[in-house]
Amino acid sequence: MTELLLFNVTNGLIIGAFYVLMALGLSLILNLSGVINFAHGGFLALGGYLAYTLTPHVGFWGALLLSPLLTAALGLVLERLLIRRLYGRDPLYSLLLTFGLAFIFEDGTRFVWGAQGLPVSVPAFLNQPVSNELFFITYYRLFMVAVVAVAVAALFLFLRYSRVGIRIRAGTLDLETVSTLGVNVGRLRAINFGAGIFLAGLSGVLAGGQLGLDPTMGSGLLMPSFIAIIVGGVGSLPGTLVGGLLIGVAAGVTAVFVPSASDAVMYVLMAVVLLARPRGLMGEEGLMT
Amino acid sequence: MNGIGRRTLLQATAAAGLVRLTSPFIISARGDSPVRIGMVDPLTGAYAAPARNEVMGAQLAVARLNAKGGVLGRQVELLVEDSANDVGTGVQKARKLIERDNVSFMIGDVNSAIAQAIAQVTNEKGLLQIVSGGHTDPITGTDCKWNVYRVCNTTRMEANSVCDVLFKKYGPKWHFITPDYAFGHTLQSAIEANLKTLGGTVTGAELTPLGTSDFSAYLIKARSANPNVIILLVQGQDMVNCLKQIVQFGINKQIPVAGTQQELESLEALPPEARIGNWMFEWYWNQPDVPHLAEFVADIRKVNGGKVPTARHWFGFTSVMSFALAAAQANSIDSLKLAHALSDLELPPEVKLQPNKVFYRGGDHQLMLSAFVGEARAHGPQDPEDLFKVDRVVAGSDIAPPVADTGCTLHWPA
């Protein structure tokens, strides 16, 4: 039983790492622009499908880099044409818009690539377990965790040390003052949105290699990401990191005892956090209201 | 332009455009009063692929019927609505098709729960319905209705067709990965009943929520139980995800993997190395010496981007053709007369497209279709889509439990 539990905690951390990558993109956009991006799952699926199309031409590694960039480029176009118009309004507007976009993404993906699932090939050496004992840790899953770690580190360094990153963080706290100081807030939001969508695209490529592609894949992965943000605390990127890992482990451990509740436990965890500490584990007071 | 600005006008135009988009797809028909067939299937959501294939099959049947003069001399229109894999939406769409579009016959749904809910509506309205793709037993069992027939198998038929093969090949200790809803529960209990008779045991069952993307936690448990075989009962994308992870983890090298229902849609979505295991298909496109089959395959290829038909295409096709056959026999499209005509009706070769006698059993309204038992393979020897090696074809009447055991009692209107 102890071994089973340990296996599932480790496994939960691996799954949680993936939630983190997606949730960080969501969190970036939410924190600076107040947009609850329901289309994030759509961008994720698009990232995966673009990688599927690109792989025969540029290989898996090329697609891993190019696909998130293309997804981010499309994100920037949509930000410029649609989402930008709703900044500063009630979040309900952007929520409704991105909710609609999510449907368009799902059906658009179905229209272009078909309703039937598609297999994604990853390099053969990644597609095997590390050892017979630790069979659930494949090289691909380790690689995913490594990519997540690098992406998270790069994001935190970017926000901590780069001029744009510092402005994004400042804008998250007080956008009006940042604007008054002469910072081009429109461009700041666009860069921030693009970075968030890049992370969604990257999640899509990684998820495609692990699970294959399906037009509905984004919506299935979106809810855990939202829960990760709420559990970790809205407004806090480290909180999102902790939230993602926590729900991954909670789902993994629950699967040992009550398999059918492994999805529900995430919501229970969210409810408990909201009741006991409404701002989330690391969130700031007042941001949830 | 009092109160109506350019923006308002643009918004209204856009809304009108959207309304057009949400209208059902209508196959254009000639003649004054066409016969309308309503079809509700989850064109979006997790079951979109099988649902769209069912619609494609139904459209082919309608085109063929219309080319030969329609049904009772009237052209046929197929009105398709999206249930979005949601019970409430499915019921709403079914009501709309019946009350507003005046359909004479209803087909649907892939999702068992929606199929059952629509059956309540059609029963209330006294309209003939054929359940094209929902497998849960009560539809032609405890919840059977005079106006509801079913084309696809019951879960008990699926279990009965393949359990003895799995038992002989793999051994007595089985572990289940089961989708946590009506279909999964009934299928698992049907298999457990077979396993008990054969003298086997269950080492455990992992109930997985529908739409699970990561099966690793369940697979860790299943492997630690050390069964002779892991039986996968999940379907659609869940089947794809689960099989893929089993192969990635190398579990299949220590514990074989098999199951009951497998679909071509799933095998095609898998990488070659994950196309493994013994299963049953409800219909298969590559069968030797079956009359009219080649023509059906060719017709579907034309409208399916060159891809072969799956069981789902045949379900949709057969649902529409059954309506036409019943109408010809009853010389009417009155639902009660049609329902009587379908009772014990045998499908002709150009519709059944398989060996064995295929007929709607009068006692429970279940189609007695063959089960194709065999093994998945990585690559097709002649055709890249020939991904299933059929070892034997079992007649539906040999695997269906007797009517008395289904719990079905039909109550016909006076």
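Here's a quick tour of how chain B meets chain A, and of one small sheet inside chain B. Keep in mind that this is a predicted model. On the contact side, 34 residues of chain B are in contact with 35 residues of chain A. The sheet is an open one made of 3 strands of chain B, and helix H5 of chain B packs on it.

**Where chain B touches chain A**

- Several elements of chain B give at least two residues each to the side that touches chain A: helix H2 (48–67), strand E8 (201–208), helix H7 (216–224), helix H8 (236–249) and helix H9 (264–269).
- H7(B) gives the largest share of that side, with 7 residues.
- Sorted by character, the residues on this side of chain B come out as 15 nonpolar, 11 polar and 8 charged.

**The sheet in chain B**

- Its strands run in the order E11-E14-E15 (chain B), with antiparallel pairing.
- Strand E11 (278–281) and strand E15 (388–394) of chain B sit at the edges; each has a single partner strand, so one side of each has no neighbour in the sheet.
- Going from one strand to the next, the twist averages 30 degrees.

**A look at one strand pair**

- E11(B) pairs with strand E14 (residues 371–376) of chain B in the antiparallel sense, and 4 bridges link the two.
- Trp279(B) has Gly374(B), in E14(B), as its bridge partner.

**The helix on the sheet**

- Helix H5 (residues 155–170) of chain B touches E11, E14 and E15 of chain B as it packs on the sheet.
- The direction of H5 of chain B makes about 160 degrees with that of E11(B).

Key
Residues are numbered from 1 along each chain as its sequence is written. Chains are lettered from A and ligands numbered from 1 in the order in which they are written. This is a predicted model: local features need pLDDT of at least 70, side-chain atom pairs count only at pLDDT 80 or more; totals for chains, interfaces and linings use all residues. Two residues are in contact if their C-beta atoms, placed from the backbone, lie within 7 Å. Ala, Val, Leu, Ile, Met, Phe, Trp, Tyr, Cys and Pro count as nonpolar, Asp, Glu, Lys and Arg as charged, and the others, Gly among them, as polar. Two strands pair if DSSP finds at least two bridges between them. Axes are lines fitted to C-alpha atoms, for helices over the stretch in contact, and angles run from 0 to 180 degrees between N-to-C directions.
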